Amino acid sequence: MLLTSLSITLHLPATSVSEIITKVNRAALIVLAVALALFVLLSLQWRFQHDTALLFYISFLFEHFGYFPYRDVFDVNLPLTYLTYAMIGRFTGYSDLGVRFADLTMLGGLMLMTWQWMKIFGRHVAWAGAIVFGLVYLRLGPAVSLQREFLILLPVLGGILAFTQLRRFKPEVRAALSGFLFGIACLIKPHAVLAFPILVMFEIAEQRTNIRSVLVQTVLPAIGGFLVPILVFLIYLTRFEALQPFLSVIRQYYPLYAQLNGEQSTLAEGERLGYLLHGYFQFGGFGWWWIPALWGLYAFLRTQPNKNQRRQAILLLTLMIGYSLYPVFSGKFWHYHWLLFAYFSVQAGALSLDQADATPVVRRMGPIAMFLGFAFFAATPTTFMLDQIRSGGIQPIKGGRVDAISEYLRPRLRPGDTVQPLDWTGGAAHALLLAEARPATRFVYDVMFYHHISGKYTQGLRREFVTQLQLSEPRFIVEVFGEDKPWVKGEDTTREFPELKSLLQEHYVVIAEGNGYRILERKDNKSGLGEFPRR
């Protein structure tokens, strides 16, 4: 009522209101663009870490030493993950600044693709969608940079553009190209496919032809394009004798890992549904974005947009809802799992900046103010950024543990030496990457040895690990311990590994110790037999 009374009192003509809104939008976008530029400058000091460091290490072993994933390195990620990180590492030398440029280049590409997709709603909407997501992404900090959910946004958005923008191509060509790009995305994270059936259904609804035409022009080309990269990688894995160990991980370890929650605790069968519901409705901290997204969509659809705009707005809504389910598939609900939901929520909210001139003032200003409020919150520096500004730099990774370990190992490694990390995401693998050290076994982290320990599969992995340690006789072992190590918890978990403990006590001595880590050296101080026997 207050806003309505104010608009009546001011007697502002529609053109004046439109001009004011346009100027406000432009000014806001300029400020947000400046904030994004500042975030970019701050991010140039960041160092890759956490999951990204571990994946870079595995990819370094693949690219530099020929260690083939699954066959020579145990890991749960999908094949294209390693190839992507290996290509980035190859071109950047695995340097922090090089990786930052790669991350920012991909972000720039994603913003350009966003502009291309969203410009149907006008320049303000397109720029807002691109800039605000850039702010949301960078605000999450270095631990989320180059995470796999960010990587899959590129082929996912490419697949969406293929279906919605390439109208000069035949439907079957667009369907096949989109399917191919979603196949690429699924080779990093399989649940990236969520948007694909949505797009196919939208395309079928638009064609409105008979079943045969739909099959020939859309469904079959889409499925064919989707299967091509998957079949290529299956052949690739077979060629290098990695298919069987890959399938073993999927069949035997995935079901066990799926029973761990986001805090790495095992879940009883009756607890899982409640846990999934609770995790879903947390929305990874992005739940508040439902408000500007839904309000922006509602306000935009009330403006009687043209057919293509209306179609894409409804598509945005379905994609936002679809990708809100994405974290449920992994059951971990970590922040970066919500990146795709955050992306489509931002795009939906940006629709509020393009309201028709005939829309009443109150209906126009409300969603605009709401979206810009969220956008300016995304532009506020985090505590991490403020500390970085005050100190003129960032704090050492893992309290300096990564650098301390790598600086100790690098000058002492001799040809033929191998190093065995006993850690997961505590920084040991990152240190081995910096030291360019080869692992002694195919296990570069050890979480799989400590959960579901009563099962034959876990016991088999334990025996394999100890056997490979005995064969390779690594000169150094790097152990992260205490609360800095992300231990698993709950039923059928342990922190004990008697066979490993016995081997360490018999053959190794602690030669360096620091913040949550210790480095052990073989008592006979020899290079050992080198790496474990590989196929």
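In this short talk I will go through one sheet, the helix that lies across it, and two pockets, all in a predicted model.

Let me begin with the sheet. Four strands make it up, and if you follow them across in order you meet β1, β2, β4 and then β3, in an open arrangement with mixed pairing. As a reminder for those of us who spend more time at the bench, strands of a sheet pair through backbone hydrogen bonds, and they may do so in a parallel or an antiparallel sense. At the edges of this sheet sit β1, residues 419–422, and β3, residues 508–514, each of which pairs on one side only. From one strand to the next, the twist averages 20°.

If you look at the β3 edge, you will see that β3 pairs with β4, residues 517–522, in the antiparallel sense, over six bridges. To find that pairing on the screen, take Y508, whose bridge partner in β4 is R522.

What lies across these strands? Helix α19, residues 401–409, lies across β1, β2, β3 and β4, where β2 covers residues 476–480, and the helix runs at about 20° to β4.

Now to the pockets, starting with the largest, which has a volume of about 870 Å³. Its lining is made of 38 residues, and those closest to the centre are R148, Y257, W334, Y336 and H337. Among the elements that supply at least two residues each to this lining are α3 (51–65), α11 (243–257) and α15 (326–330), and α3 gives the most, with four residues. Sorted by class, the lining of this largest pocket holds 20 nonpolar, ten polar and eight charged residues.

The second largest pocket has a volume of about 390 Å³. It is lined by 19 residues, of which E479, R495, L500, K501 and L504 are the closest to its centre. Here we come back to the sheet, since two of its strands, β2 and β4, are named together with α22 (498–507) as the elements that give two or more residues to this lining. The largest share, four residues, comes from α22. By class, the lining of the second largest pocket divides into ten nonpolar, two polar and seven charged residues.

To close, the point I would ask you to keep in view is that β2 and β4 belong to the open sheet and also contribute to the lining of the second largest pocket, while α19 lies across the strands of that sheet.

Terms used. Residues numbered from 1 in each chain as written. Predicted model: local features only at pLDDT ≥ 70, side-chain atom pairs only at ≥ 80, totals over all residues. Heavy atoms only, no water. Pairing = 2+ DSSP bridges. Axes fitted to C-alpha atoms, helices over the stretch in contact; angles between N-to-C directions. Contact = heavy atoms within 4.5 Å. 1 Å grid on protein atoms, 1.4 Å probe; cavity = no way out; pocket = protein on both sides within 12 Å on 5 of 7 lines; lining within 4 Å. Points joined across faces, edges and corners; volume = space filled by probe spheres on them. Nonpolar A, V, L, I, M, F, W, Y, C, P; charged D, E, K, R; others polar.
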